[in-house]
Amino acid sequence: MKPRRASGVDVGATGRLAEDLAFTYLQGHGLVPMTRNFRCRLGEIDLIMRDGDSIVFVEVRLRTPGAHASAAESIDPRKQRKIVAAARYFLAGRAEQPCRFDCVLLERARADAITWIKNAFEA
C-alpha cells in the first residue's frame, strides 16, 4: 500500500515529482548526474551529482502549505548525520575528491518554487 496523506494524495508520487523537479533544475545549472536514490544501511541520499570536480550530495525536501515545519527545518541534525553517513559509505574506496552537501527545497511541487542551498551543512 502506498503512503498517503490525510487528503488522499500519494506521498510517493509527490516526492518523486519533487525529486524530478530538483534533478532537472540542478542539471539546468550545470550539475551532472551520478545516481538517484542511493540507499545503504546507514541512510539514503536523494541525488548524487557532480559539480566540476566536486561530488554533491543533495537532499530534496518538499513541504506543502500547512506543514508543521518548513522544508529547511525538516533537515534536522539527525537527518544530516544520516546523509553524511550514507555519503561516507558511497565514498568508501573511491579516490579522495572534494564534496559538499546541498539542499533543494520546494514549498510546493512546482518548478517556480525551488530554493537551492549550496553547502547547506558540513560533514
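This is a short talk about the charged pairs and the cysteines in this structure.

Hi everyone, and thanks for coming. Please keep in mind that we're looking at a predicted model.

Let's start with the salt bridges; the model holds five of them. Side chains of opposite charge can pair when their charged atoms come close.

Take arginine 36 and aspartate 20, whose side chains meet at 2.6 Å, N to O. The arginine sits in strand 1 (residues 32-40) and the aspartate in helix 1 (residues 11-28), so this salt bridge ties together parts that are 16 residues apart in sequence. What about solvent? Arginine 36 is partly exposed at 30% relative accessible area, and aspartate 20 is partly exposed too, at 36%.

Next up is glutamate 59 with lysine 79, where the closest N and O atoms are 4.0 Å apart. Here strand 3 (residues 54-62) supplies the glutamate and helix 2 (residues 77-91) the lysine, 20 residues apart. Glutamate 59 is buried, with 3% relative accessibility, and lysine 79 is buried as well, at 15%.

Now, which residues are linked in a network of salt bridges? They are Asp51, Arg100 and Asp102. Within that group, arginine 100 and aspartate 102 meet at 2.8 Å, N to O. Arginine 100 is buried at 11%, and aspartate 102 is buried with a relative accessible area of 0%.

Finally, for those of you thinking about cysteines: how many disulfides does the structure hold? Zero. Cysteine 99 is partly exposed, at 36% relative accessibility, whereas cysteine 103 is buried, at 4%.

That's my tour, and I'm happy to go back to any of these residues on the screen.

Note on methods
Residues numbered from 1 in each chain as written. Predicted model: local features only at pLDDT ≥ 70, side-chain atom pairs only at ≥ 80, totals over all residues. Heavy atoms only, no water. Disulfide = S-S within 2.5 Å. Buried < 20%, exposed > 50% of the residue type's maximum accessible area, 1.4 Å probe, protein only. Helix = DSSP H or I, 4+ residues; strand = E, 2+ residues; numbered from the N terminus.
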